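Ready for some practice at reading a fold? Open the viewer, keep the sequence at hand, and try each task before you look at its solution.

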Amino acid sequence: MHAIKITEPGGPDVLRWTEVPDPEPGPGEVLIDIVASAVNRADLMQRQGFYPPPPGAPEYPGLECSGRIAALGPGVEGWNVGDEVCALLAGGGYAEKVAVSAGQLLPVPEGVSLAEAAGLPEVYCTVWSNVFAIGRLAPGDTFLVHGGAGGIGTAAIQLAAAYGARVFCTASPAKHPRCLALGAERAIDYHSEDFVDVVKSATGGKGADVILDNMGAKYLERNVATLATNGRLIVIGMQGGMQGEVNLGALLSKRASITATSLRARPAEEKAEIVADVKTHVWPLLEFGKIRPVIDRAIALPDAAEAHRVLESGDATGKVLLVN
């Protein structure tokens, strides 16, 4: 088979379409003939040398895919060769085939194409496990997501709105109409507006009950200032740096919390629990059309370097797919 290999840490041009050995499904795994994968920020970090795959994961980038089951490993039940699926991966999505634990498979939702489904597992597993499982977002809560026009952001806006939250997001002005159409009450221009002031003003001074942050250090102090009493800040990215200072007095006075999490390195058993929750709580919303995949464009997998350039440029809204 062929896969995208990272020849050395660097820019998009270090991605190479290369012939590699076929994977074999182990016990409890299935082999997928990949139809599409999707580009995530973690892939860019891996390419740059900052985010190596966890032990035992394929060396190729790609944290999600869709395709058809080509073979079943020993002990797999409930799935059949030929089933159309999408999957949460620890790596290996930028390839023609991948082996993955059957617990990380999801059926393709009715009304979603097989290629589009490649852009679902990573974002919705991330949003559900962080915003709902950890953040305990409830109907009527105020929710702020940074990067509202990205893959995570477009998924978070839709899911939070579908569950009855008031949704705020930061995004560039050109992308505000799309964020509002997805369910955001207010899109905030991070160039010219202070999200602390906007959220506080809109909530009568209360602030946000849950914040999903991909910026890290750059937004840390202002995120804490934005939190409501008993608010929950969940950090899932470090685009704005890794080290920042926290006003513990502000946290104590608000009885607030900060959680930093990642999805990729979690054990397969934990990922299977998240996938099962997503199937129960998110998939029905997709099948009833309450939420939809947001796909910016599809690019041929051998041209993965171009897909990385698109994501790094900030031009994309939603997911960039890679198709075989």
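The exercises below go through strands, a helix, single residues and a surface patch.

This is a predicted model, in which local features need pLDDT of at least 70 and side-chain atom pairs count only at pLDDT 80 or more, while totals for chains, interfaces and linings use all residues. Residues are numbered from 1 along each chain as its sequence is written, and side-chain values use heavy atoms, with hydrogens and water left out.

**Exercise 1. Antiparallel pairs**

Find the bridges that join β3 to β4, and those between β4 and β5.

Solution. Begin with the terms: helices (H or I, at least four residues) and strands (E, at least two) are DSSP runs numbered from the N terminus, and two strands pair if DSSP finds at least two bridges between them. Next, take β3 (residues 29-38) and β4 (residues 64-72): they run antiparallel and are joined by seven bridges. Within this pair, Ala-71 of β4 is the residue opposite Leu-31. Then move on to β5 (residues 84-88), which pairs with β4 over five bridges, again in the antiparallel sense. Here Glu-64 has Leu-88 of β5 as its bridge partner.

**Exercise 2. The open sheet**

Work out the strand order of the six-stranded open sheet, and explain why one side of β10 and of β13 has no neighbour.

Solution. Trace the order first: β10-β9-β8-β11-β12-β13, with parallel pairing. β10 (186-189) and β13 (257-260) are the edge strands, each with a single partner, so one side of each lacks a neighbour in the sheet. On average, neighbouring strands are turned by 15° against each other, direction ignored; axes are lines fitted to C-alpha atoms, for helices over the stretch in contact, and angles between N-to-C directions run from 0 to 180 degrees. Now zoom in on β8 (residues 142-145) and β11 (residues 208-213), parallel strands joined by three bridges. Leu-144 is partnered there with Ile-211 of β11. Finally, add helix α6 (residues 217-226), which packs on the sheet and touches β8, β11, β12 (227-235) and β13. The direction of α6 makes about 150° with that of β12.

**Exercise 3. Buried or exposed?**

Decide whether Leu-233 and Thr-126 are buried or exposed, and list what each touches.

Solution. Use these classes: buried means under 20% relative accessible area, exposed over 50%, and partly exposed in between (1.4 Å probe, protein chains only). Leu-233, in strand β12, is buried because its relative accessibility is 1%. Contact means heavy atoms within 4.5 Å. Not counting residues up to four places away in sequence, Leu-233 touches several residues, including Ile-211, Leu-220, Val-224 and Ile-258. The C-alpha atoms of Leu-233 and Ile-258 are 4.7 Å apart, although their positions lie 25 residues apart along the chain. To put that in sequence terms, Leu-233 and Ile-258 are 25 residues apart along the chain. Thr-126 sits in helix α2 (residues 121-134) and is buried as well, at 7% relative accessible area. With the same sequence neighbours left out, Thr-126 touches Val-131, Ile-152, Ile-236 and Leu-263.

**Exercise 4. Positive phi**

Look up phi for Asn-230 and Arg-255, and say where each residue lies.

Solution. Recall that most residues other than glycine have a negative phi. Asn-230 has a positive phi, near 65°. Asn-230 belongs to strand β12 and is partly exposed, with 38% relative accessible area. For Arg-255, phi is also positive, near 55°. Arg-255 lies in the loop between α7 and β13 and is exposed at 54%.
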